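Notebook open, structure loaded. I want to work from the whole chain down to single residues and jot down what I look up along the way.

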Amino acid sequence: MAELINVTADIKAATAHLTRLQKQQIPFAVSVAVNNLAKLGQGAMHTAMQRAFDRPKPYTLGGTFVARGNKRNPTATVGLIDKPKGAGRAPGKYLSPQIGGGNRPMAGYEVALRAIGALPNGYRAVPSERLKLDRYGNIQRKDLAEIIGALKTGLRVAAGRGKRAHLRGYFVALPGQRNTAHLHPGIWLRVERAAPTNSKRKNSGKATSAVQPVLMFVQRTTYKQRLDVRAAVETSVRQNARAEMDKALEYAMSTAR
């Protein structure tokens, strides 16, 4: 469930010293102040995300919302979106373990790997140190497409030219599997190079084959709380409430007839 924070105002405390005309404008002023405080709270959430995470994606930073209040119901709500935008995952879903701690849900690529039998139950797949990530620290889509496609078909892909020409193929090392017991469970890349040749000898060397880790299987991906969005919003409201109420009342009085 997405994190939701309600923003309200203490009307009695704010209206104790006001004139009758000012009090008539209070419902409108309070709704204006509450909505402005909610926007400030949303900004505080963004700041908290940037401090908690290394290079958060714009999609993550854009995963917050404000539901505005009105004169009849002067309560605004700040929260995280819990429905995905397009093909992406909902920020409220994947940020949940970062906010409250606990196990993270499966990522989309893990669901795809599980569907083709490449990821055993109870495991998650995390990138190895040798896998190049994007600027946000995530696995690149083209790499995921290549890995999942190759595992589905079992085909090897030709890459490079000339002396650098080689075949790339992926295989899964499952936990407890005898023929891959020497490898950490996960998805590995096998690179095969043909034996070098020259004009005098038909075969002047040997073919080579090497493996590299790509995605490693781990049994636990438990997170400690890294992001306290509620505290960020509540602190922002507390620090700005009086000033925003004063500005809202001044604005409300300027519109009074």
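Before counting anything, I fix my term: a residue is buried when its relative accessible area is under 20%, with a 1.4 Å probe and protein chains only. I also note up front that this is a predicted model.

**Entry 1: whole chain.** With that cut-off, 37% of the 257 residues come out as buried. I get about 16,200 Å² of exposed area for the protein, and carbon and sulfur atoms supply 50% of that. For secondary structure I count 9 helices and 10 strands. Then I looked at contacts between residues at least 6 apart in sequence: 59% of these join residues at least 24 apart.

**Entry 2: the sheet.** In what order do the strands of the open sheet run? I read off β5-β9-β8-β7-β6, 5 strands with antiparallel pairing. At the edges I find β5 (124-127) and β6 (157-159), each paired on one side only. Going from one strand to the next, the twist averages 35°.

Next I went through the pairs.

- β5 and β9 (residues 208-218) are antiparallel and joined by 4 bridges. I picked out arginine 124, whose bridge partner in β9 is valine 218.
- β7 and β8 are also antiparallel, with 7 bridges between them. Here I noted glycine 169, which has arginine 190 as its bridge partner in β8.
- β6 and β7 have 3 bridges and again run antiparallel. Alanine 158 is bridged to leucine 167 in β7.

**Entry 3: helices on the sheet.** Which strands does helix α7 lie across? I see α7 (residues 108-115) lying across β5, β8 (186-193) and β9, and its direction is at about 125° to β5. Helix α8 (residues 141-153) packs on the sheet too, where I find it touching β7 (166-173), β8 and β9. The angle between the directions of α8 and β7 is about 75°.

**Entry 4: α3 against α9.** I then turned to a helix pair. The axes of α3 (residues 26-52) and α9 (residues 229-255) come within 6 Å and cross at roughly 145°. I have the crossing down as right-handed. What kinds of residues make up this contact? By class I get 21 nonpolar, 5 polar and 1 charged.

**Entry 5: a residue inside α3.** I looked up serine 31, which sits in helix α3. Is serine 31 buried or exposed? Its relative accessibility is 6%, so I file serine 31 as buried, given that the cut-off is under 20%. Leaving out residues up to four places away in sequence, I find serine 31 touching Asn70 and Lys71.

**Entry 6: a residue just past α3.** My last lookup was aspartate 54, in the loop between α3 and α4 (58-61). Why do I call aspartate 54 exposed? Exposed needs a relative accessible area over 50%, and aspartate 54 has 53%, so the label applies. I also checked its distance to glycine 137: the two are 83 residues apart in sequence, yet 7.8 Å apart in space, C-alpha to C-alpha.

**Recap for myself.** On α3 and the loop after it, I have serine 31 down as buried and aspartate 54 as exposed. For the sheet, I keep the order β5-β9-β8-β7-β6.

Note on methods: Residues are numbered from 1 along each chain as its sequence is written. This is a predicted model: local features need pLDDT of at least 70, side-chain atom pairs count only at pLDDT 80 or more; totals for chains, interfaces and linings use all residues. Side-chain values use heavy atoms; hydrogens and water are left out. Axes are lines fitted to C-alpha atoms, for helices over the stretch in contact, and angles run from 0 to 180 degrees between N-to-C directions. Helices (H or I, at least four residues) and strands (E, at least two) are DSSP runs, numbered from the N terminus. A crossing is left-handed if the near helix is turned anticlockwise from the far one by less than a right angle, and right-handed if clockwise. Ala, Val, Leu, Ile, Met, Phe, Trp, Tyr, Cys and Pro count as nonpolar, Asp, Glu, Lys and Arg as charged, and the others, Gly among them, as polar. Contact means heavy atoms within 4.5 Å. Accessible areas come from the Shrake-Rupley method with a 1.4 Å probe; for residues, only the protein chains shown count as cover. Two strands pair if DSSP finds at least two bridges between them.
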